[in-house]
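Hello,

Here is the structure I promised to send over. Please have a look at it first, and then read on for my notes.

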Amino acid sequence: MAIRSQQNPEISCFIIVATVVAQLDVILVEAKNLSLTAKNARVVAIRAGQAALGFKSITNFIDEFSARTIKITQDIHNHSHLLFKLALEQLRASQFKEHVARASVIHNGNSATLKRINRQSISELREAWSRLGSEMQSLTAQFEEIRQQMRAAEYIAVTSRVEASQAGEYCDSLESVSDYIASAALRIKTAITINLNTLSQLQRIIK
């Protein structure tokens with residue numbers, strides 16, 4: 001979603017953080033469904049016995065990366081509130097610096113007090129930007145980690161489809177599991193792309 005830059009920057013921050021949180025919910029739901037799918041597939045693989053021996057071990061991988069995705073997503077969710085707080089701090093520091101600069105122009109730059117406040121406002125702005133930049137970098141790295149896991153999930157979907165084809169009467173059930181893994185990984189990757197683009201918009205708004 002493109003955030004209009006001409007609207008109130010504070011409202012834009014609210015919208016951006018809300019967008020990130022909404023996409024986190026998408027990722028969380030899909031990861032939980034993947035975990036449930038792995039458990040159901042394990043039951044089917046046990047019923048299929050030797051014919052689906054390879055598929056049984058694949059369900060362990062699905063379980064592992066879905067659990068990891070759930071944990072990272074929950075961590076990011078907790079950080080989203082901090083992101084909003086830091087974005088507002090940076091925005092307000094920027095606005096304060098502009099007010100001080102305008103006041104300084106009115107006094108022809110001769111006020112010692114305004115010069116001191118101006119130096120302080122510049123320092124506070126740099127500090128706010130540093131904190132926000134660090135938090136955004138951390139979030140971006142976490143999103144990239146999930147995206148890497150989804151690439152692994154897509155590979156597992158292909159591998160599991162091969163294993164499913166050898167499972168005799170259970171072939172259709174296990175193939176539907178493979179299809180679900182591939183589609184869930186795609187939905188999670190789409191949500192991550194939206195969030196990374198949204199974070200880029202936040203950078204542009206508060207600069």
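**Around Leu34**

Setting aside neighbours up to four places away in sequence, Leu34 is in contact with Ile62, Phe65, Ser66, Tyr180, Ile181, Ala184 and Ile188. Before going further, please keep in mind that this is a predicted model. Leu34 itself lies in helix 1, which spans residues 9-48. Is the residue buried or exposed? Leu34 has a relative accessibility of 1%, so it counts as buried. If you would like a distance to check on screen, try Leu34 and Val177: the two are 143 residues apart in sequence, while their C-alpha atoms are 9.3 Å apart in space.

Asp25 is also found in helix 1. Its relative accessibility is 38%, and therefore Asp25 counts as partly exposed. From Asp25 to Ala152 the C-alpha distance is 21 Å, with the two positions 127 residues apart in sequence numbering.

**Asn195**

Next, please turn to helix 4, where you will find Asn195. Helix 4 covers residues 171-206. The relative accessible area of Asn195 is 0%, so this residue is buried. What does Asn195 touch, once residues up to four places away in sequence are left out? The answer is Thr19, Val20, Gln23, Leu24 and Phe143.

**How helix 2 and helix 3 pack**

Two packed helices are described by the angle between their axes and the distance between the axes. For helix 2 (residues 53-106) and helix 3 (residues 112-164), the axes come within 7 Å and cross at roughly 160°. With angles over 145 degrees counting as roughly antiparallel, helix 2 and helix 3 are therefore roughly antiparallel to each other. The crossing of helix 2 past helix 3 is left-handed. Sorted by class, the residues in this contact are 30 nonpolar, 13 polar and 9 charged.

One spot in helix 3 that you may like to click on is Gly133. Gly133 has a relative accessible area of 25%, so it is partly exposed. Its C-alpha atom is 10.0 Å from that of Gln90, and the two residues are 43 apart in sequence.

**Salt bridges**

Side chains of opposite charge can pair when their charged atoms come close. How many salt bridges does the structure hold? There are 11, and I have picked out a few for you below.

Arg68 and Glu145 form one of them, with 2.8 Å between the closest N and O atoms. This pair links distant parts of the chain, as Arg68 sits in helix 2 and Glu145 in helix 3, 77 residues apart. Both partners have some accessible surface: Arg68 counts as partly exposed at 36% relative accessibility, and Glu145 is partly exposed with a relative accessible area of 31%.

Another salt bridge joins Glu127 to Arg131, where the closest N and O atoms are 3.0 Å apart. Where do these two sit relative to each other in helix 3? Glu127 and Arg131 are 4 residues apart in that helix, so about one helical turn separates them. Glu127 counts as partly exposed at 47% relative accessibility, and Arg131 is partly exposed with a relative accessible area of 35%. Glu127 and Arg131 also belong to a network of salt bridges that links them with Lys85 and Glu89.

Finally, the side chains of Lys189 and Glu154 meet in a salt bridge with an N to O distance of 3.1 Å. This pair, too, links distant parts of the chain: Lys189 is in helix 4 and Glu154 in helix 3, 35 residues apart. The relative accessible area of Glu154 is 26%, so this residue is partly exposed.

**To take away**

If you only have a few minutes with the viewer, I would suggest three stops. Start at Leu34, which is buried at 1% relative accessibility. Then look along helix 2 and helix 3, whose axes cross at roughly 160°. End with the network of Lys85, Glu89, Glu127 and Arg131, linked by salt bridges.

Happy browsing, and do write back with any questions.

Best wishes

Definitions and conventions: Residues are numbered from 1 along each chain as its sequence is written. This is a predicted model: local features need pLDDT of at least 70, side-chain atom pairs count only at pLDDT 80 or more; totals for chains, interfaces and linings use all residues. Side-chain values use heavy atoms; hydrogens and water are left out. Axes are lines fitted to C-alpha atoms, for helices over the stretch in contact, and angles run from 0 to 180 degrees between N-to-C directions. Angles under 35 degrees count as roughly parallel, over 145 as roughly antiparallel, 65 to 115 as roughly perpendicular and the rest as oblique. A crossing is left-handed if the near helix is turned anticlockwise from the far one by less than a right angle, and right-handed if clockwise. Ala, Val, Leu, Ile, Met, Phe, Trp, Tyr, Cys and Pro count as nonpolar, Asp, Glu, Lys and Arg as charged, and the others, Gly among them, as polar. A salt bridge is a side-chain nitrogen of Lys or Arg within 4 Å of a carboxyl oxygen of Asp or Glu. Buried means under 20% relative accessible area, exposed over 50%, partly exposed in between (1.4 Å probe, protein chains only). Contact means heavy atoms within 4.5 Å.
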